[in-house]
Amino acid sequence: MDIRHLRYFIAIVDSGSLSEASRRLHIVQPALSQRLSSLEEELGVQLLVRGRSGVAATDAGAELYQRAKIILKQMDLTKGAVQEKAGAMKGKVSIGVLRTVASVMGARLFLALKSELPDITPELVVGYSAELKNQLNSMRLDLAMQVYRPDAKSEHGIHLFRERLYLVSPRSIFDPQQPVKLADLEAVPLLLSSMQPFYGFLIDAAREAGVDLAIVGGIEDGAAVLDVCRAGVACTVVPEIAAQRIEPNSGLSVTVIDNDNLHREIRLESHPDIPKTGAMMAVEKVMARVVTDFLANRQ
């Protein structure tokens, strides 16, 4: 078993078929099949099962796939770490950025990284916390922003910021000068996407407070949600960073929710099994500073 075997096997699993993997790898399919057979023979286990729709990993194959991904990622990072010792900190760093953060400071983060780390190629990938976590676990990302509950004990990664949640409603419903309590949301029609990381926070906090939330649906697109709220159909909940972008003349009321359990902590994490390179740590420092400066200047 060598590195080529592992790369070929990963490509087959990712492609879901030998024919697609052979196309991606620029290897004829019979040769790729032979490589797979020799790998299965060496390990003494069946790695893939073939069906009408392609191939899928067996339990043994899934184990090899995960370990192979870690091995190849560590090899790539080892090359970068060795080069860094010679004074060359360069290469691509892929960074998962939360949707709400990207819409506010994505450009600012990218420009700061390019300015302060010119030999590093930053690749910003935007998504929800769960999406970014999956990509981090599969090693498609080097770093990823993650959302935690305010009482979370995680010491993973570095702390970026903590923010409150806000209720967005048609202006006639709530006074923006007065904080809203969970009890005030009883039977208020709410538009909430279950993809939002704080969705679970809100449901749990309402249950503990004995409040029956009236969730009437959800839309992932932030602009569309605000349009629905502006039409007077429902209210919604957004994190502070998004709330502060809503213009005073938007026809919407933005009110902080007064509840200690309704905050969210944002951390920047890496894969726990992959040692961080100097490039990744440099990116962490720049991002933490940019976020801190942004939050300080918006007050």
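A salt bridge is counted here when a side-chain nitrogen of Lys or Arg lies within 4 Å of a carboxyl oxygen of Asp or Glu. The structure is a predicted model, in which local features need pLDDT of at least 70 and side-chain atom pairs count only at pLDDT 80 or more, while totals for chains, interfaces and linings use all residues. Residues are numbered from 1 along each chain as its sequence is written, and side-chain values use heavy atoms, with hydrogens and water left out.

With that rule, the structure holds 17 salt bridges. Side chains of opposite charge can pair when their charged atoms come close. One of the pairs joins Arg164 to Glu240, with 3.6 Å between the closest N and O atoms. Because Arg164 belongs to strand β6 and Glu240 to helix α9 (residues 240-243), this pair ties together parts that are 76 residues apart in sequence; helices (H or I, at least four residues) and strands (E, at least two) are DSSP runs, numbered from the N terminus. Glu240 is buried at 8% relative accessibility, whereas Arg164 is partly exposed at 35%. In these terms, buried means under 20% relative accessible area, exposed over 50%, and partly exposed in between (1.4 Å probe, protein chains only).

A second pair brings Lys181 and Asp258 together, at 2.8 Å from N to O. Lys181 sits in the loop between β6 and β7 and Asp258 in the loop between β10 (252-256) and β11 (263-270), so this bridge ties together parts that are 77 residues apart in sequence. Both partners are partly exposed, Lys181 with a relative accessible area of 44% and Asp258 with 39%. Glu20, Arg23 and Arg24 are joined into one network by salt bridges that share partners. Another contact pairs the side chains of Arg4 and Asp2, at 3.9 Å from N to O; Arg4 is partly exposed at 44% relative accessibility, and Asp2 is partly exposed at 32%.

The loop that carries Lys181 also holds Val180, between β6 (158-170) and β7 (189-191). Val180 is buried, with a relative accessible area of 1%. Val180 and Val256 are 76 residues apart in sequence, yet their C-alpha atoms are 6.2 Å apart in space.

Attention now turns to empty space. Rolling a probe the size of a water molecule over the atoms shows where such space is left. On a 1 Å grid over the protein atoms alone, a cavity is a set of points where a 1.4 Å probe fits but cannot get out, and a pocket is an open set with protein on both sides within 12 Å along at least five of seven lines; lining residues have an atom within 4 Å of a point. Grid points are joined across faces, edges and corners, and a volume is the space filled by probe spheres set on the points.

The largest pocket has a volume of about 510 Å³. Its lining numbers 29 residues, and those closest to the centre are Thr100, Gln196, Gly222, Val238 and Ala242. At least two lining residues come from each of α5 (99-116), α8 (222-230) and β9 (236-239). By class, 16 of the lining residues are nonpolar, eight polar and five charged, where Ala, Val, Leu, Ile, Met, Phe, Trp, Tyr, Cys and Pro count as nonpolar, Asp, Glu, Lys and Arg as charged, and the others, Gly among them, as polar.

There are two cavities of 30 Å³ or more. The largest cavity, of about 50 Å³, is lined by residues including Lys73, Leu77, Asp142, His271 and Met280. Its lining divides into six nonpolar, two polar and two charged residues. The second largest cavity encloses about 40 Å³, and its lining consists of His5, Tyr8, Phe9, Ile12, Leu32, Arg35, Leu36 and Leu39. Two or more of these residues come from each of α1 (3-15) and α3.

Met139, which also lines the largest cavity, stands out in its backbone. Most residues other than glycine have a negative phi, but Met139 has a positive phi of about 65°. Met139 lies in the loop between α6 (129-137) and β5 (143-148) and is buried, with a relative accessible area of 9%. His26 likewise has a positive phi, near 60°. His26 is placed in the loop between α2 (18-25) and α3 and counts as exposed, at 74% relative accessibility.
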